[in-house]
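Biologist: Please take a close look at how one pair of helices packs in this model, and then set that pair beside the other contacts you can describe.

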Amino acid sequence: MLKKIINGTLLLPDGDSFRAGQADLFIRDGKIAGIGTDLSAAGTANDAAGENRPDEPCEVIDASGQLIMPGLINMHTHAYMTSMRNYADDVDFQEWLFGRITPVEDRLPKEGAYWTSLLACMEMLRTGTTSFVDMHMFHEQSARAADAAGMRAWIGRGLVGDSLYADDNPRFREAMEEMDAWQSDRLHFILSPHAIYTCSLHMLEQVVEESERRHMLRQTHLSESLTEIENCRAQYGGRSPVEVMRDVGFLSDHTILAHCVQLDEKDVSILAESGSSVVTNPASNAKLGNGFAPVTAMRESGINITLGTDGTASNNTLNMFREMGLLSLIHKGICRDSTAAPASFVVSCATTHAARALHEEGRLGVIREGAWADLAFLDLNAVSLFPNNNILSSLCYSANGSEVDSVMVAGEFAFRHGEYPGIDSEKVHFEVQKIVEEYL
Ligand SMILES: [Zn+2]
């Protein structure tokens with residue numbers, strides 16, 4: 001069926017930036033089939049969609065007073081962690097990770113991870129996110145949740161240890177078996193070694209081989225804290241984590257690196273040369289006392305910078321609007337430069353840059369013909385956005401996520417006027433509360 005969205009304001013691409021435009025949007029088979037003007041009253045939908053199918057039914061969606069923008073792409077999170085929201089705050093990073101979070105992760109039941117991941121999907125949809133990149137203990141539960149919620153996801157099982165193939169370390173084998181069982185346009189899998197301090201170099205080399213053989217993207221946490229840098233240099237002959245990753249062949253244009261906070265100039269140029277994409281997580285990095293990524297230096301070197309929230313145990317929200325605001329404000333502040341991290345760059349990090357990192361450029365994070373109809377509908381009359389003097393500024397500096405009225409993924413509403421068509425929200429609340437009482 002054709003869908004025709006009329007009377008809305010579209011956030012359209014404009015070179016490296018965006019512009020607001022009044023046009024109708026035509027959607028067929030989950031994708032944007034046409035963008036036209038002055039067609040809302042006429043019966044020319046099929047022509048605008050590029051095909052003449054006079055008998056095709058057409059659903060008309062009135063988006064008066066709304067901005068229709070590409071759905072946001074959260075490039076780094078741990079969806080199952082929602083049960084640990086506000087559970088371990090104001091503690092030292094090493095204590096946070098190894099003393100508080102890891103022990104709870106080890107206790108959490110597999111089935112519970114489905115409900116906590118579904119809660120994460122609810123929060124992401126509620127705040128305009130249509131795609132997320134996940135690292136998960138039970139990645140099949142994350143896939144189930146994304147599928148039920150109607151979201152698009154790139155999901156990886158967090159891998160740790162000395163070898164992918166060790167008998168006592170079934171994570172990789174299980175992940176590949178579970179991955180092969182899934183069939184969905186919206187779900188993708190990604191190889192996800194946890195970090196340089198939880199994986200041996202031998203294992204990282206195995207990950208590189210497997211990801212190249214299987215044509216899969218790979219992601220990891222890199223250069224997050226000063227402790228990681230110090231330990232890495234002590235263990236690996238003075239090399240930084242970036243240098244070690246370069247030496248094992250991990251860095252490539254199929255590589256996604258979360259954090260990259262503690263980089264020196266040499267690290268930045270190695271990353272730029274490798275074509276790797278970086279996910280900056282300003283809230284998590286600040287909250288855990290790890291500092292601020294050198295976003296301006298990375299940007300000037302040509303590194304593809306994307307944006308993520310990290311998990312709710314370290315943020316403590318999955319709201320990409322808050323993350324966009326922080327990205328800009330933090331870097332204007334630390335650079336003492338009000339032109340640093342401008343709104344056009346920030347919105348690009350959450351849309352087009354993310355699509356580039358995922359090798360979905362032109363198909364995701366953009367409103368154009370042929371792209372997936374992954375869209376967020378925002379109320380332009382919301383008190384936080386009105387008056388609409390500058391749409392990009394509205395999204396970066398004013399929006400708090402509450403302006404999101406509806407969200408569509410592949411042409412289907414996954415969130416509509418505050419409701420979730422694919423989710424029993426009461427059941428999710430009940431199950432997550434049960435997990436908190438039993439395991440935290
Ligand atoms: Zn993480």
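Modeller: In this predicted model, helix α3 (residues 110–126) and helix α4 (residues 139–149) have axes that come within 8 Å and cross at roughly 40°. Since angles of 65 to 115 degrees count as roughly perpendicular and those under 35 degrees as roughly parallel, α3 and α4 are therefore oblique to each other, and their crossing is right-handed. On the side of α3, the contact is made by K110, A113, Y114, S117, L118, C121 and L125, while α4 contributes Q141, S142, R144, A145, A146, A148 and A149. Sorted by class, this contact of α3 with α4 has nine nonpolar, three polar and two charged residues.

A second pair is formed by helix α12 (residues 320–335) and helix α15 (residues 391–398), whose axes lie 7 Å apart and pack at an angle of about 90°, which makes α12 roughly perpendicular to α15. Here M324, G325 and S328 of α12 meet L395, C396 and Y397 of α15, a contact with four nonpolar, two polar and no charged residues.

Helix α15 also appears at the level of domains: the domain assignment gives domain 1 (2–70 + 366–416) and domain 2 (72–357), with C-alpha centres 30 Å apart, and 22 residues of domain 1 are in contact with 27 residues of domain 2. On the side of domain 1 that touches domain 2, the elements giving two or more residues are β3 (17–22), α15, β18 (404–409) and β19 (412–416), and the largest share, five residues, comes from α15. By class, that side of domain 1 has 15 nonpolar, four polar and three charged residues.

Terms used
Residues numbered from 1 in each chain as written. Predicted model: local features only at pLDDT ≥ 70, side-chain atom pairs only at ≥ 80, totals over all residues. Axes fitted to C-alpha atoms, helices over the stretch in contact; angles between N-to-C directions. Helix = DSSP H or I, 4+ residues; strand = E, 2+ residues; numbered from the N terminus. Parallel < 35°, antiparallel > 145°, perpendicular 65-115°, else oblique. Contact = placed C-beta atoms within 7 Å. Nonpolar A, V, L, I, M, F, W, Y, C, P; charged D, E, K, R; others polar. Left-handed = near helix turned anticlockwise from the far one by under 90°. Domains from an automatic or database assignment.
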